[in-house]
Amino acid sequence: MKTYVQNQVKPFRMIGNIYYVGTDKFSCHMIDTGEGLILIDTGAEENAPMIVDSLSQLGYDVADVKYIVHSHGHFDHSHATAEIVRLSGAKTWLHKDDVQYLKGLFVPDHYTEHGDVLTLGNTRIEFIHAPGHTLGTVAFFFDVEENGVTYRAGMFGGAGVNQLKKGFLRRYGLSYFLRDMFFKTLEMLKNYQVDVPLGNHPYHTHTLKKAALAETAETNPFIDPQWWAPFMDKLGAKLREVLKEEAKEKFVNYAHRGASQYAPENTIMAFDLGLSMGANGIETDIQLTKDGVPVLFHDNTLARMTGKEGSVADYTYEELRWFWVEKGILRDRIPTLQAFLERYADKDITFALELKTPGTYKAVADAVRSFGIRLKTVVTSFNYEELLALRAYAPELSAGYLTKTTDEEILENMRRDGIDELCPKAEEITAEKVDAWHEMGFNVRAWGVADTALMERAYTAGVNGMTVNFPDELTALTKEN
Ligand SMILES: [Zn+2]
């Protein structure tokens, strides 16, 4: 599905030996090194003939393209490359972490690495790994000369922040930690001096506006030495804004064990009630019966909720299914995970599935896979080892760590292990901490929301969701705001 319209623009020389042969949407820069041409990015598949035509309008032959280097692997920068390679035999460079985006259209001749240098004719391009927009995004820097003066040209190959939105990341199975990389990349790139900024989309650097100005301006408008560092700050502010908006727009009101304030916890009755109260998420706990059936039950022992002796693991499902779970005069049965998902998997809600006993991860991951609910499920646990086992078994699932403390070591371990949802205790939450956690790349979900005052505080601090026993109160709060 195409979601863009693009138009070929009249190709032009920007400065020195740098030319623009892209469209009004996707950049393609050409450098005439004197010993052949280098293209920086190409475009979507249909851009190939436009690039060939633009080159010829400028008096160049596509056959003279010697190298095509890519800022990153997204289709709008790389998919025209295959055709240009067919016409020119050019060598292609791309960071190996972005090969997945090529859809097999071509195989890069060289995997770009941090610190690589490409020299051809009068041009020497330096490559800096600049991950965030994608894992394999790079930045380019090289000298360009005009009227006897040398300028530094530079391109940050992945300035777009929309690809760091939750929906996009989840859809493509990408980690929230790309956000952290993006912020770090911005800080690193700020230290570079760039006189001639190049945009990998023309709107990033007002390329076409500058081209129009260039026709009458006395100084070359592409020389813009004050632009680079403030642009990095702007991108950081933009992503922070996106993270804030997202926490509000995609906020998840999780009925904690269902609407457990009002109905027997972890029963269909409680879940149904929670949804009727406006919850857009259900949190529940999974344990295995003696015969290995995953059922929804919180406590280590059966006593509090059922009045029975022992624990879930002491009974077969056939025995357990006849126990009542009670709250006041209300009672219901212990549901299986299977029955739970048969009832709710198709609903437009988020699931937080907590692994209660060691070894539960397999049954839960299998269920998430077979119901196809990966995009709207987070598997959580207080047990870090269990989460590691889950990550090893089903790395495509989002994992959340329920923790009573959030010291630096815990956060570092989580990042190392790819556990990208942080579930801190509500009492610990402040707006400053939430901002910092978001910048580190965590999705933040509060637990232990004991009363409405804590609920309001956590919500105002900007968390992405929280579990509450009283989803009706949380619904009222989110409607107000
Ligand atoms: Zn992109």
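Biologist: Among contacts in the protein chain between residues at least 6 apart in sequence, what percentage join residues at least 24 apart?
Modeller: Welcome to this predicted model! Take the contacts in the protein chain between residues at least 6 apart in sequence, and then pick out those that join residues at least 24 apart. The share that passes this second step is 59%.

Biologist: How many helices and strands does the protein chain have, and what box do its C-alpha atoms fill?
Modeller: Counting elements along the protein chain gives 17 helices and 23 strands. Along the principal axes, the C-alpha atoms fill a box of roughly 90 × 40 × 40 Å.

Biologist: What percentage of the residues of the protein chain count as buried?
Modeller: A residue is buried if 20 or more other C-beta atoms lie within 10 Å of its own. Applied to the 481 residues of the protein chain, that test gives 49%.

Biologist: Let's turn to a sheet. Which strands are the edge strands of the open sheet of 7 strands?
Modeller: The order in this open sheet is E1-E2-E3-E4-E5-E6-E7, with mixed pairing. An edge strand here pairs on one side only, and that holds for strand E1 (12-15) and strand E7 (110-111).

Biologist: Within that sheet, do E3 and E4 run parallel or antiparallel, and which residue of E4 stands opposite Met 30?
Modeller: Strand E3 (residues 29-32) and strand E4 (residues 37-40) are joined by 4 bridges and run antiparallel. Opposite Met 30, in E4, you will find Leu 39.

Biologist: In which sense do E4 and E5 pair, and which residue in E5 stands opposite Ile 38?
Modeller: Between E4 and E5 there are 4 bridges, and the sense is parallel. Look across from Ile 38 into E5 and you reach Tyr 67.

Biologist: Which helix lies across E4, E5 and E6, and how many residues of E5 are buried?
Modeller: The helix is H3 (residues 81-88), which runs at about 160 degrees to strand E5 (65-69) and also lies across E4 and strand E6 (91-94). E5 is mostly covered, and its count of buried residues is 4 of 5.

Biologist: Are H12 and H13 roughly parallel or oblique to each other, and why?
Modeller: Helix H12 (residues 361-371) and helix H13 (residues 384-393) have axes 9 Å apart and pack at an angle of about 40 degrees. Angles under 35 degrees count as roughly parallel, and 65 to 115 as roughly perpendicular. The angle of H12 and H13 falls in neither range, so the two helices are oblique.

Biologist: Which residues of H13 are met by H12?
Modeller: From H12, the residues taking part are Tyr 361, Lys 362 and Ala 365. The contact of H12 with H13 divides into 5 nonpolar, no polar and 2 charged residues. On the H13 side, the residues are Glu 386, Ala 389, Leu 390 and Tyr 393.

Conventions: Residues are numbered from 1 along each chain as its sequence is written. This is a predicted model: local features need pLDDT of at least 70, side-chain atom pairs count only at pLDDT 80 or more; totals for chains, interfaces and linings use all residues. Axes are lines fitted to C-alpha atoms, for helices over the stretch in contact, and angles run from 0 to 180 degrees between N-to-C directions. Angles under 35 degrees count as roughly parallel, over 145 as roughly antiparallel, 65 to 115 as roughly perpendicular and the rest as oblique. Two residues are in contact if their C-beta atoms, placed from the backbone, lie within 7 Å. Ala, Val, Leu, Ile, Met, Phe, Trp, Tyr, Cys and Pro count as nonpolar, Asp, Glu, Lys and Arg as charged, and the others, Gly among them, as polar. A residue is buried if 20 or more other C-beta atoms lie within 10 Å of its own, exposed if 12 or fewer, and partly exposed in between; C-beta atoms are placed from the backbone. Two strands pair if DSSP finds at least two bridges between them.
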